[in-house]
Every structure is written in C-alpha cells, then in structure tokens.
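Welcome! Let's look at this structure together and ask how its descriptions are earned.

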Amino acid sequence: MQREKNSPMPGAETLRALADAFHIFGDETRLRLLYRMSDGELCVQQLAEALGMTQSAVSHQLRVLKNARLVRARREGKSVFYTLDDDHVRSILALGMEHVEENIPHTN
C-alpha cells in the first residue's frame, strides 16, 4: 500500500504511534521472539529455551510486545501461550526482512 501523492500528512498523534511501533521492532530480542512466534503459539518456557534466555527476561519482553498489541496471550491451566496478534505483524516482519536482504551483498 503506497501513500498517494499530495495525500494529507498524518497527524502528530498518529505519527507518534507509528514511531512507537517502530521503536518496539527496533530491539533484536523482541524481533527474535516475534520470529519464533510467527509459526504458531509458544509458551514462555518454550520461548526461553529456544532463545537461550531466562523465563523472566522473556516474560518482560512479551509484556512489552503485548502492550504494543503485537502479540496476544491465551491461558491454558498454569501455562500462557503467546502468538502474533494478527497478520499485520507477520507482514511487517516479512517486508522488513525483504528490505534488509535486498541491501545485503551476496557472495558467490
């Protein structure tokens, strides 16, 4: 989706919200968590083991992602499972990766 020429500039509040969203995506640990969840839901313990992190550190980052509405949680007994909030998050990750990979020199 491209912005049309001469379309109105978004308001300050909207731009601030967009900047905040990009700030959340600007952390490598949070990106690793998002990529792990892009294939389906995982619990804190699974995420911690997969990324070599403590459950406390993972829980902290998941709280940030949940508050930003990038992930959602589902409780099952004592476990809480997390997954990407919607396909927009998956699309942002894919477009960002596409942009980065096109600028990485490839060796033969």
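Q: Which residue in β3 does Arg-72 stand opposite?
A: Arg-72 stands opposite Thr-83 in β3. Keep in mind that this is a predicted model.

Q: What makes β2 and β3 a pair?
A: Two strands pair if there are at least two bridges between them. Strand β2 (residues 71–76) and β3 have 6 bridges, in the antiparallel sense, so the definition of a pair is met.

Q: Why do β1 and β3 count as paired too?
A: Here the number of bridges is 2. The definition asks for at least two, so β1 (residues 42–43) and β3 count as a pair, and they run antiparallel. Cys-43, for example, has Phe-81 of β3 as its bridge partner.

Q: In what order do the strands lie in the sheet?
A: The order is β1-β3-β2, an open sheet of 3 strands with antiparallel pairing. The edge strands are β1 and β2, since each pairs on one side only.

Q: Which helix packs on the sheet, and how do you know that?
A: That is α2 (residues 28–37), which touches β1, β2 and β3. A contact here means heavy atoms within 4.5 Å. The direction of α2 makes about 90 degrees with that of β3.

Q: Why is β3 called mostly covered?
A: A residue is buried when its relative accessible area is under 20%. In β3 (residues 79–84), 5 of the 6 residues are buried, so "mostly covered" fits.

Q: Which residue in the hairpin of β2 and β3 takes a positive phi?
A: Gly-77 does, with phi near 65 degrees. This hairpin has 2 residues between the strands.

Q: What lines the largest pocket?
A: The lining has 18 residues, and Ala-17, Ala-21, Ala-68, Arg-69 and Leu-70 lie nearest the centre. The elements giving two or more residues to this lining are α1 (12–25) and α5 (87–102). The largest share, 9 residues, comes from α1. The volume of this pocket is about 460 Å³.

Q: How many residues of each class are in that lining?
A: There are 12 nonpolar, 2 polar and 4 charged residues. Ala and Leu count as nonpolar and Arg as charged, so Ala-17 and Leu-70 belong with the nonpolar residues and Arg-69 with the charged ones.

Key: Residues numbered from 1 in each chain as written. Predicted model: local features only at pLDDT ≥ 70, side-chain atom pairs only at ≥ 80, totals over all residues. Heavy atoms only, no water. 1 Å grid on protein atoms, 1.4 Å probe; cavity = no way out; pocket = protein on both sides within 12 Å on 5 of 7 lines; lining within 4 Å. Points joined across faces, edges and corners; volume = space filled by probe spheres on them. Helix = DSSP H or I, 4+ residues; strand = E, 2+ residues; numbered from the N terminus. Buried < 20%, exposed > 50% of the residue type's maximum accessible area, 1.4 Å probe, protein only. Axes fitted to C-alpha atoms, helices over the stretch in contact; angles between N-to-C directions.
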